[in-house]
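Reader: I have a model open and a list of labels for it. Walk me through how each label is earned.

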Amino acid sequence: LDGGTLPFDLAGKRVVVTSGGTREEIDPVRFLGNHSSGKQGHAIAALASARGAEVTLVTSSSLPVPPAVTKIDIESARELREQTLEAAAVADIVIKAAAVADFRPADVSDSKLKKGSDGEPAEIRLTRNPDILADLVAARAIGEVPSSCVLVGFAAETGDTSGTVLEHGRAKLARKGCDFLVVNEVGRDTTFGKDDNGGWILDSEGGEILVERASKDLLAARILDAVVARTTT
Ligand code: CTP
Ligand code: CA
């Protein structure tokens with residue numbers, strides 16, 4: 001992040017970045033969570049700030065807050081939704097690097113869950129969380145988020161019998177209705193918590209940028225370059 005060589009091409013732009021995982025409460029001492037470290041979102045927030053943007057980072061991550069970035073702490077997907085929609089109301093760019101839990105426990109116990117008298121585990125019923133990215137797209141359609149706001153989603157995919165990583169990414173971009181989708185290939189030993197990342201930046205007009213596996217800073221730069229290119233053409 002050498003300020004001397006960076007473009008100052010986000011001056012005056014308001015950028016909202018979400019990062020890290022969510023924690024969905026089960027009882028006062030337990031939660032459902034995921035392995036997202038927040039590193040990729042933090043890299044984007046740091047670089048956007050260094051390139052002149054006014055950055056709001058909505059996150060559960062305890063990584064150090066990058067210089068000049070405003071951090072908003074969240075835990076659950078519902079808190080993330082509320083804070084992201086509020087910040088997005090005045091944003092030029094929203095980048096959703098957070099790994100949002102799709103489900104949360106349907107009932108949160110006020111007291112610590114105990115083993116049953118037979119020693120068997122209690123079942124935890126799950127319910128759907130709101131889809132924040134879809135809600136942002138809907139909010140933009142009705143003017144609650146500026147119509148010029150660029151919405152960037154992330155998708156961590158593994159290929160499977162129904163399609164490759166890239167095919168799943170294309171389908172997800174179409175389904176989500178955002179402007180860009182950054183697609184990473186994930187497995188047990190890749191991406192989460194690591195310092196490198198790679199994949200594709202897909203745009204809603206059919207464009208596709210391959211980003212070789214390299215630092216999360218490089219992927220952050222490529223994402224911001226792609227967004228700037230769209231906002232200035
Ligand atoms: N996302 C979101 N709200 C959710 C789930 C996901 O805003 N409840 C966002 C993520 O932050 C990410 C993008 O949507 O930017 C894609 O997340 P992903 O989990 O890949 O998409 P899903 O639609 O949940 O699809 P899947 O069933 O593959 O998990
Ligand atoms: Ca999901």
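**Labels and their cut-offs**

Author: Start at the ligand. A polar side-chain atom of Lys96 lies 2.7 Å from an oxygen atom of ligand 1. This is a predicted model, in which local features need pLDDT of at least 70, side-chain atom pairs count only at pLDDT 80 or more, and totals for chains, interfaces and linings use all residues. Residues are numbered from 1 along each chain as its sequence is written, chains are lettered from A and ligands numbered from 1 in the order in which they are written, and side-chain values use heavy atoms, with hydrogens and water left out.

Reader: What makes the approach of Lys172 to ligand 1 a polar contact?

Author: A polar contact is a pair of N or O atoms within 3.5 Å; within protein, one must be able to donate a hydrogen and the other to accept it, and residues adjacent in sequence count only if both atoms are side-chain atoms. An N or O atom in the Lys172 side chain is 2.5 Å from a ligand 1 oxygen. For Asp102 the distance to a ligand oxygen is 3.0 Å. Both pairs therefore meet the cut-off.

Reader: Why is the pair Asp195 and Lys39 called a salt bridge?

Author: The term needs a side-chain nitrogen of Lys or Arg within 4 Å of a carboxyl oxygen of Asp or Glu. Here the closest N and O atoms are 3.0 Å apart, so the pair qualifies. Asp195 lies in the loop between strand 10 (180-185) and strand 11 (196-203), and Lys39 in helix 1 (residues 39-50), so the bridge ties together parts 156 residues apart in sequence. Helices (H or I, at least four residues) and strands (E, at least two) are DSSP runs, numbered from the N terminus.

Reader: How do you know whether Asp195 is buried or exposed?

Author: Buried means under 20% relative accessible area, exposed over 50%, partly exposed in between (1.4 Å probe, protein chains only). Asp195 has 56%, so Asp195 counts as exposed. Lys39, at 26%, is partly exposed.

Reader: And what makes Arg230 with Asp203 a salt bridge?

Author: Their closest N and O atoms are 3.9 Å apart. That is within the limit, so the label holds. Arg230 lies in helix 5 (residues 216-231) and Asp203 in strand 11, so parts 27 residues apart in sequence are tied together.

Reader: Which label does the accessibility of Asp203 earn?

Author: Asp203 has 16%, so Asp203 counts as buried. Arg230 is partly exposed at 21%. Both belong to a salt-bridge network that also links Arg140, Asp179 and Glu205.
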